[in-house]
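Here are my notes on the model, set out as numbered points. Please read them with the structure open.

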Amino acid sequence: MIKLRGITKAFGRNAVLKGIDLTVEKGEVVAILGPSGSGKTTLLRCINYLEKPSAGEISIGEFRVQCKKPAKKDIQALRRKTAMVFQQYNLFRHKTALENVMEGLIVVQRLPKQEARKRSVELLEKVGLGDKLDAYPSHLSGGQQQRVGIARALALNPEVILFDEPTSALDPELVGEVLAVIRKIAKEGITMIIVTHEMGFAQDVASHIVFMEGGAVVEEGPPRALFQSPKEERTRQFLARFTAESAYSI
Ligand SMILES: Nc1ncnc2c1ncn2[C@@H]1O[C@H](COP(=O)(O)OP(=O)(O)OP(=O)(O)O)[C@@H](O)[C@H]1O
């Protein structure tokens, strides 16, 4: 189980996270929704210390970090327990798909090269890229690069995978293939926190939805309740805006 308590983050005078509490059960898929600038990405980045929270506490199982004064070893441990899938993929440009996935297994998990290779091939096959092992990122579509990013995150065998708007950099026709892979691994019981603007996907895949605005959690609950009968006016307005926009784009 993952527990965030009182996560606070400011950039200068801009208070971006105002004491976030969140509990994610093992195997749960949590989608974080909210308007642009509400702090969704910052929250995700705080969970694996790509951003340093100003205050709060992060627990993953028995492991606990006090964010104000974390020990260096605790930050390293936190990073090993969490893997991030980035909006812009963040692959090594000069490494092949296979080498990108192997990297974490060799450097972080210290697996022997042959073992790392075998596991990476399996993971790339799992995300449908068994025929692209030796391709460099520049020869892969955005959707394929993101699937390498997902294989790389899975390779680390983390307690939770953090997805930061995994499809928002993709051309519309490539979104489906990435969402299909995320759907597939969600069914395997991997704990995930997904920041997304894909409402249909969130509704479909997530077991729990969190709606954020202005650096705070406004409302959270199961998808059905939150989408069909939101309690808060701000959630209602946000969802109504999205529904109107998608109707317009059709
Ligand atoms: N590195 C940074 N330095 C200064 N301000 C930042 C930094 N990163 C984010 N912010 C600010 O924090 C606020 C929240 O940004 P964040 O990216 O977390 O929002 P978001 O909800 O993920 O938005 P979007 O849906 O547009 O990605 C914004 O006001 C943003 O300008």
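1. I begin with a turn. Strands β4 and β5 form a hairpin with two residues between them, and G61 in that turn has a positive phi of about 60 degrees. Bear in mind that this is a predicted model.

2. The two arms of the hairpin are β4 (residues 55-60) and β5 (residues 63-66); they run antiparallel and are joined by four bridges. To check the register, look at I58, which stands opposite V65 in β5.

3. The hairpin belongs to an open sheet of four strands, ordered β2-β1-β4-β5, with antiparallel pairing. Because β2 and β5 each have a single partner strand, they stand at the edges, and one side of each is left without a neighbour in the sheet. From one strand to the next, the twist averages 15 degrees.

4. At the other end of the strand order, β1 (residues 2-11) and β2 run antiparallel and are joined by eight bridges. Within this pair, K18 in β2 is the bridge partner of T8. Helix α1 packs on the sheet, where it touches β1, β2 and β4, and its direction makes about 65 degrees with that of β2. Helix α2 (residues 72-81) also packs on the sheet; α2 touches β4 and β5, and its direction makes about 125 degrees with that of β5.

5. Next, the ligand site. Which residues are around the ligand? They are F11, N14, V16, G34, S36, G37, S38, G39, K40, T41 and T42. Two elements give two or more residues to this shell, namely β2 (14-24) and α1 (40-47). The largest share, three residues, comes from α1. Sorted by class, the shell has eight polar residues, two nonpolar and one charged. Both β2 and α1 have already come up in the sheet: β2 as an edge strand, and α1 as a helix packed on the sheet.

6. Now the helix pairs. Two packed helices are described by the angle between their axes and the distance between the axes. For helix α5 (residues 142-155) and helix α6 (residues 172-186), the angle is about 20 degrees and the axes are 8 Å apart. An angle under 35 degrees counts as roughly parallel, so α5 is roughly parallel to α6. Their crossing is right-handed.

7. Which residues make the contact between α5 and α6? From α5 they are G142, G143, Q146, R147, I150 and L154, and these meet L174, E177, V178, V181 and I185 in α6. By class, this contact has six nonpolar, three polar and two charged residues.

8. Helix α5 has a further partner in helix α3 (residues 97-107): the axes of α3 and α5 come within 8 Å and cross at roughly 20 degrees. That angle makes α3 roughly parallel to α5. The crossing of α3 past α5 is right-handed.

9. In this contact, A97, N100, V101, G104 and L105 in α3 meet V148, A151, R152 and A155 in α5. The residues divide into six nonpolar, two polar and one charged.

10. For a last look, set the two contacts of α5 side by side. Residues of α5 that meet α6 include Q146, R147 and I150, while those that meet α3 include V148, A151 and R152.

Terms used. Residues numbered from 1 in each chain as written. Predicted model: local features only at pLDDT ≥ 70, side-chain atom pairs only at ≥ 80, totals over all residues. Near = placed C-beta within 6 Å. Nonpolar A, V, L, I, M, F, W, Y, C, P; charged D, E, K, R; others polar. Axes fitted to C-alpha atoms, helices over the stretch in contact; angles between N-to-C directions. Parallel < 35°, antiparallel > 145°, perpendicular 65-115°, else oblique. Left-handed = near helix turned anticlockwise from the far one by under 90°. Contact = placed C-beta atoms within 7 Å. Pairing = 2+ DSSP bridges.
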